[in-house]
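This briefing sets out selected features of one protein chain for computational work. Please read it alongside the sequence and the coordinates.

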Amino acid sequence: MCGNPAVGNGMRALILVGGYGTRLRPLTLSTPKPLVEFANKPILLHQLEALVDAGCRQVILAVSYRAEQMEKELKVEAKKLGVELIFSHETEPLGTAGPLALAKTILAASSEPFFVLNSDVICDFPFKQLVQFHRNHGKEGTIVVTKVEEPSKYGVVLYDENGCIKNFIEKPQEFVSKKINAGIYIFNPSLKGRGSKLSPHQ
């Protein structure tokens, strides 16, 4: 995995695409989940288009399952969009912190905040508004939350009146909140200074 230094201080993004997509079977038996079509185009292409529109010039894909197929199909689309794709290969599922640790050298090449998102998120991506909100509050990171009616199926986020996160509860069996992690994040470069504390298995 290597990045192009010429990209400089443009915004970057890391998309977590290493999952097997078991809940979408049989569609994902032959196609990786990010390439499953939604509204006549792959889910991941919706994300890439929105990231480019928000100013991203380089996107790292943390890949595992059917990585070669994904790389082959996305290179053409990336060229059309004018974005550089970097494929970071995982030999085993690494969660969220693991891909960040693997990509820390590339992410460290820019002083701009960087996005992190799950590959199965589909919405009207609020990336531009998210950048502005993140810069305004001045903290190290921002996590997008959304409201659902059945939070027991998701990771619930608990936060105080100032919006500071107090706890994460994965698939709670007792009601604690309807606000869940939407799988979209933005972090300051200062997070990368903790790279020595991150290992691919955290």
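In this predicted model, Ser177 sits in the loop that joins S9 and S10. Its relative accessibility is 15%, so Ser177 counts as buried, the limit being under 20%. A polar atom of the Ser177 side chain lies 3.0 Å from the backbone nitrogen of Lys179. Not counting residues up to four places away in sequence, Ser177 touches Pro151, Val156, Val157 and Leu158.

**Loop residues with positive phi**

- Lys171 also lies in the loop between S9 and S10, and although it is not a glycine, its phi is positive, at about 45°.
- With a relative accessible area of 44%, Lys171 is partly exposed.
- Asn40, likewise not a glycine, has a positive phi of about 70°.
- The loop that holds Asn40 runs between strand S2 (37–38) and strand S3 (41–42).
- Asn40 counts as exposed because its relative accessibility is 74%, and the class begins over 50%.

**Overall make-up of the chain**

- The chain contains 5 helices and 10 strands.
- Of its 202 residues, 43% count as buried.
- When contacts between residues at least 6 apart in sequence are considered, 75% of them join residues at least 24 apart.

**Helix H1**

- Helix H1 covers residues 43–53, and 8 of its 11 residues are buried, so the helix is largely enclosed by the rest of the structure.
- The buried residues of H1 are Ile43, Leu44, Leu45, His46, Gln47, Leu48, Ala50 and Leu51.
- After H1 comes Gly55, which has a positive phi near 105°.

**Aromatic pairs**

- The structure holds 4 aromatic pairs.
- In one of these, the ring centres of Phe115 and Phe127 are 4.8 Å apart and the planes meet at 55°; the pair is therefore tilted, as this angle falls short of the edge-to-face class, which begins over 60 degrees.
- This pair links distant parts of the chain, 12 residues apart: Phe115 belongs to strand S6 (residues 114–118) and Phe127 to helix H5 (residues 127–137).
- Phe115 counts as buried because its relative accessibility is 0%, and Phe127 counts as buried because its value is 1%.
- Tyr185 and Phe187 form a stacked pair, with 5.9 Å from centre to centre and 15° between the planes.
- Both Tyr185 and Phe187 are buried.
- Phe114, Tyr185 and Phe187 are linked by ring pairs into a cluster.

**Thr142 and Ile186**

- Thr142 is part of strand S7 and, at 6% relative accessibility, counts as buried.
- The side chains of Thr142 and His137 make a polar contact at 2.5 Å.
- Leaving aside neighbours within four places in sequence, the contacts of Thr142 are Leu130, Phe133, His134, His137, Ile184, Tyr185 and Ile186.
- Ile186 belongs to strand S10 (residues 179–187) and is buried, with a relative accessible area of 0%.
- The C-alpha atom of Ile186 is separated by 6.7 Å from that of Ile143, a residue 43 places away along the chain.
- With neighbours within four places in sequence left aside, Ile186 is in contact with residues including Phe114 and Phe115, named above for their ring pairs, and Thr142.
- Further contacts of Ile186 under that restriction include Met11, Pro113, Leu130, Val131, His134, Glu140 and Gly141.
- Leu130 and His134 therefore appear in the contact lists of both Thr142 and Ile186, where contact means heavy atoms within 4.5 Å.

**The second largest pocket**

- This pocket has a volume of about 440 Å³.
- It is lined by 15 residues, of which Gly141, Ile143, Gly163, Cys164 and Ile165 are the closest to its centre.
- Two or more lining residues come from each of H5, strand S7 (141–147), strand S8 (155–159) and strand S9 (165–170).
- S7 contributes the most to this lining, with 4 residues.
- By class, the lining of the pocket comprises 9 nonpolar, 5 polar and 1 charged residues.

Definitions and conventions: Residues numbered from 1 in each chain as written. Predicted model: local features only at pLDDT ≥ 70, side-chain atom pairs only at ≥ 80, totals over all residues. Heavy atoms only, no water. Phe/Tyr/Trp six-rings, centres within 6.5 Å; stacked < 30°, edge-to-face > 60°. Buried < 20%, exposed > 50% of the residue type's maximum accessible area, 1.4 Å probe, protein only. 1 Å grid on protein atoms, 1.4 Å probe; cavity = no way out; pocket = protein on both sides within 12 Å on 5 of 7 lines; lining within 4 Å. Points joined across faces, edges and corners; volume = space filled by probe spheres on them. Nonpolar A, V, L, I, M, F, W, Y, C, P; charged D, E, K, R; others polar. Polar contact = N/O pair within 3.5 Å; in protein donor to acceptor, adjacent residues only side chain to side chain.
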